[in-house]
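Subject: Handover of a structure model

Dear colleague,

Please find below the structure that I am handing over to you. My findings follow directly after it.

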Amino acid sequence: SGKYLSVKYRVKCPLKVNSRLRQRLYVNYLLCFFQLFLDDTKVKNFITCFKDKQFLVFFFKQLRRNVTSRYPEFPYVSLCGRERNFVRCDDLPIVFTHLLASEPELLSYCGGGEHLAIPFQPQKLYMPENGRLYHPAPPRSGPVGLVKSSLAFELSPHFEYEGGGPESGPPTYFHWKGQRYHLTNELAQYIPAVTEKEPLG
């Protein structure tokens, strides 16, 4: 798949138990579309990934920035009791997958349905020149998450471009439920600048 579809996570572990802290450190691997695997799994597909929804909800609810001095190359960590899952990814660890029909509208992430969801904020959608679509993420694991390509495609007709089309630059307005939202682009500070638009895959 192209870069737009590829969101990879690695959870690092030295494969040992820290006897002093009595902590277990696990190695897992999370491949595009938030599928979680043990890192040494040779064939990574839907059959071999973790599919227990309760576990995935817990894993992502515990996901946060790694502010410890351990494994600084892994910017995120998920705390599961005495287990420590150190995580890194190609883009961002939070991937929004569905817009839930609720009141208020909720944006669901990482396959958790209503158990992993935050309020949808249309005015804060951000689409830089790399062609990806972003939305604010839960504060603990944020501040920004990636919108899955299929959902971004569904939302794309609602954008308004000042120059008339996507080739004119990033969108300036978003039309939703009878309202015209001026895009704040406040997430720009968290997204590295790029010189070329990345392929959608």
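Three salt bridges were counted in this structure, which is a predicted model. One of them joins E105 to K177, with 3.0 Å between the closest N and O atoms. E105 belongs to the loop between β9 and β10 and K177 to the loop between β15 and β16, so this pair ties together parts that are 72 residues apart in sequence. The two partners differ in their surroundings: E105 is buried, at 18% relative accessible area, whereas K177 is exposed, at 62%.

A further salt bridge is formed by K124 and E186, whose closest N and O atoms are 3.7 Å apart. Here K124 sits in the loop between β11 and β12 and E186 in the segment after β16, so parts 62 residues apart in sequence are tied together. K124 is partly exposed, with a relative accessible area of 21%, and E186 is also partly exposed, at 35%.

E160 and R180 form a salt bridge as well, and their closest N and O atoms are 2.8 Å apart. This pair links distant parts of the chain, with E160 in strand β14 (residues 159–160) and R180 in strand β16, 20 residues apart. Both are partly exposed: the relative accessible area is 25% for E160 and 47% for R180.

Backbone geometry

K177 also deserves a note for its backbone, since its phi is positive, near 50°, although K177 is not a glycine. N185, in the segment after β16, likewise has a positive phi, of about 55°, and is not a glycine. N185 is partly exposed, with a relative accessible area of 30%. The loop between β9 and β10, which holds E105, also contains P104. The peptide bond from E103 to P104 is cis, with omega near 0°. For context, most residues other than glycine have a negative phi, and most peptide bonds are trans.

Strand pairing

The strands on either side of that loop, β9 (residues 95–100) and β10 (residues 106–109), pair in the antiparallel sense over four bridges. They form a hairpin with five residues between them. Within this pairing, F96 has Y109 as its bridge partner. β10 is in turn joined to strand β11 (residues 117–119) by three bridges, again antiparallel, and L106 stands opposite P119 there.

β9 also pairs with strand β13 (residues 144–147), in the parallel sense and over two bridges. V95 stands opposite L146 of β13. L146 is the bridge partner of Y134 too, and three bridges join strand β12 (residues 134–136) to β13 in an antiparallel arrangement.

The nonpolar core

Which residues touch the most other members of the largest nonpolar core? They are F96, L133, Y134, F159 and F174, in a core of 37 residues. At least two core residues come from each of α1 (53–61), β8 (83–89), β10, β13, α2 (149–155) and β15. α1 gives the most, with four residues. Domain 1 (26–89) and domain 2 (95–190) both contribute, so the core lies between them. In soluble globular proteins, nonpolar side chains tend to be buried together.

Beyond its neighbours within four places in sequence, F96 is in contact with residues including L107, Y109, I118, H135, L146, V147 and L151.

A buried loop residue

Is S141 buried or exposed? S141 is buried, with a relative accessible area of 3%, although its place is in the loop between β12 and β13. Its C-alpha atom is separated by 8.5 Å from that of Q62, a residue 79 places away along the chain. Leaving aside neighbours within four places in sequence, S141 is in contact with L63, R64, Y76, P93 and I94.

Confidence

The mean pLDDT of the protein chain is 76, and 70% of its residues reach 70 or more. Over residues 26–33 the pLDDT is below 50, and this stretch has 48 contacts in the model beyond near neighbours in sequence. Residues 194–201 also stay under 50, and the model has 18 contacts for them beyond four places in sequence. Where pLDDT is low, the predicted coordinates should not be read in detail.

With kind regards

Methods:
Residues are numbered from 1 along each chain as its sequence is written. This is a predicted model: local features need pLDDT of at least 70, side-chain atom pairs count only at pLDDT 80 or more; totals for chains, interfaces and linings use all residues. Side-chain values use heavy atoms; hydrogens and water are left out. Two strands pair if DSSP finds at least two bridges between them. Buried means under 20% relative accessible area, exposed over 50%, partly exposed in between (1.4 Å probe, protein chains only). pLDDT is the predictor's confidence in each residue, from 0 to 100. Contact means heavy atoms within 4.5 Å. A nonpolar core is a set of buried Ala, Val, Leu, Ile, Met, Phe, Trp, Tyr and Cys residues joined through side-chain atoms within 4.5 Å. Domain bounds come from an automatic or database domain assignment. A salt bridge is a side-chain nitrogen of Lys or Arg within 4 Å of a carboxyl oxygen of Asp or Glu.
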